[in-house]
Amino acid sequence: MREWIAEPDAPRIIDVRTPAEFETAHIPGSYNVPLHLLQEHTGEISGHLDQDVVLVCRSGQRAAQAEQHLAAAGLSNVHLLDGGILAWQHHAAPVKTGRARWDIERQVRLVAGGLVLLFVIGGLLIPGLQYAAAAVGAGLAIAALTNTCAMGMLLAKLPYNRGASCDLDSVVTQLRTGTAK
């Protein structure tokens, strides 16, 4: 993949992680198009992807979801970076780093674990509250079965995970002018 990215007709690297994750570490020359933005505006974004595209996320799950959306929009020139940015970093490939932030998966574990703990302890004072912990557990099981995560999608919309260049107009301008980060 490194060799392909270094070629003159290199593919566009689209990183579908949150702006906060992107800021922490990303492949030089990549474009940050958060998954939720790509899902909401697939048609408009896909119109600016006329060359080969490599999708990147943390481990590959969000990139696979993005690939499905782009394929449904008629793009056949889409590829996934196997193993995501974690594999890229594991192979000592070049990355541009910034301020360290927690990735979405870690945030989900913190919030879900905190809610379960709160509901179980709260259930000692308020009978029945422990069933809310069961609801969180059921949500996590559904997330695993469907390979989607509602809590992760909600957390991605928090100000901590958003960036100044996260809106559609900024993303389209970057894609149109070829000004990657």
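**A walk through a predicted model**

At a relative accessibility of 5%, R17 counts as buried, because buried means under 20% relative accessible area. The structure it belongs to is a predicted model. R17 sits in the loop that links β1 to α2 (19-24). Setting aside neighbours within four places in sequence, R17 is in contact with F22, A25, H26, N32, P34, V56, C57, R58, R62 and I85. One more residue is useful for orientation: P28 is 11 residues from R17 in sequence, and the two C-alpha atoms are 15 Å apart in space.

With one residue placed, the whole chain can be described. The protein chain has 10 helices and 6 strands. Its C-alpha trace spans about 65 × 35 × 30 Å along the principal axes. Of its 181 residues, 41% are buried. Among contacts in the chain with a separation of 6 or more, 73% are between residues 24 or more positions apart.

Helix α10, residues 168-177, is a good place to look at how a helix can be buried in part. Which residues of α10 are buried? They are L168, V171, V172, Q174 and L175. These residues lie on the same side of α10, because they cover an arc of only 160° around its axis. On the other side of the helix, D169 and R176 are exposed. The buried residues of α10 pack against four elements, namely β1 (12-15), β3 (31-32), α3 (35-40) and α4 (42-46). After the helix comes G178, and the phi of this residue is positive, near 75°.

The next topic is the nonpolar interior. The largest nonpolar core has 21 residues, and the members that touch the most other members are I14, V16, I45, L49, L55, L70 and L175. At least two residues of this core come from each of α3, β4 (53-56), α5 (61-72) and α10. Which element gives the largest share of this core? It is α10, with 4 residues. L175 is one of the buried residues of α10, and its contacts can be listed. Leaving out neighbours within four places in sequence, L175 is in contact with R12, I14, Y31, I45, H48 and L49. Apart from the largest core lies another core, of 9 residues, and I5, V56, L81 and I85 are among them. V56 and I85 have already appeared, since both are in contact with R17.

Helix α4 also holds S46. Is S46 buried or exposed? Its relative accessible area is 11%, so S46 is buried. Not counting residues up to four places away in sequence, S46 touches L70, A73 and L75. The pair S46 and L75 shows how the chain brings separated positions together: they are 29 residues apart in sequence, while their C-alpha atoms are 7.3 Å apart in space.

The model also has open space. Rolling a probe the size of a water molecule over the atoms shows where empty space is left. The largest pocket has a volume of about 500 Å³. It is lined by 23 residues, and the closest to its centre are I104, E105, T148, C149 and G152. Several helices take part in the lining: α3, α5, α7 (104-125), α8 (130-146) and α9 (150-156) each supply at least two residues. The largest share, 5 residues, comes from α7. By type, the lining residues divide into 12 nonpolar, 8 polar and 3 charged.

Last come two residues with an uncommon backbone angle. Most residues other than glycine have a negative phi, and most peptide bonds are trans. What is the phi of A92? It is near 55°, a positive value in a residue other than glycine. A92 lies in the loop between α6 (84-90) and β6 (96-97), and with a relative accessible area of 61% it is exposed. N147 likewise has a positive phi, near 60°, and is a residue other than glycine. N147 is placed in the loop between α8 and α9. Its relative accessible area is 34%, so N147 is partly exposed.

Terms used: Residues numbered from 1 in each chain as written. Predicted model: local features only at pLDDT ≥ 70, side-chain atom pairs only at ≥ 80, totals over all residues. Heavy atoms only, no water. Buried < 20%, exposed > 50% of the residue type's maximum accessible area, 1.4 Å probe, protein only. Arc of directions from axis to C-beta. Contact = heavy atoms within 4.5 Å. Core = buried A, V, L, I, M, F, W, Y, C linked by side-chain atoms within 4.5 Å. 1 Å grid on protein atoms, 1.4 Å probe; cavity = no way out; pocket = protein on both sides within 12 Å on 5 of 7 lines; lining within 4 Å. Points joined across faces, edges and corners; volume = space filled by probe spheres on them. Nonpolar A, V, L, I, M, F, W, Y, C, P; charged D, E, K, R; others polar.
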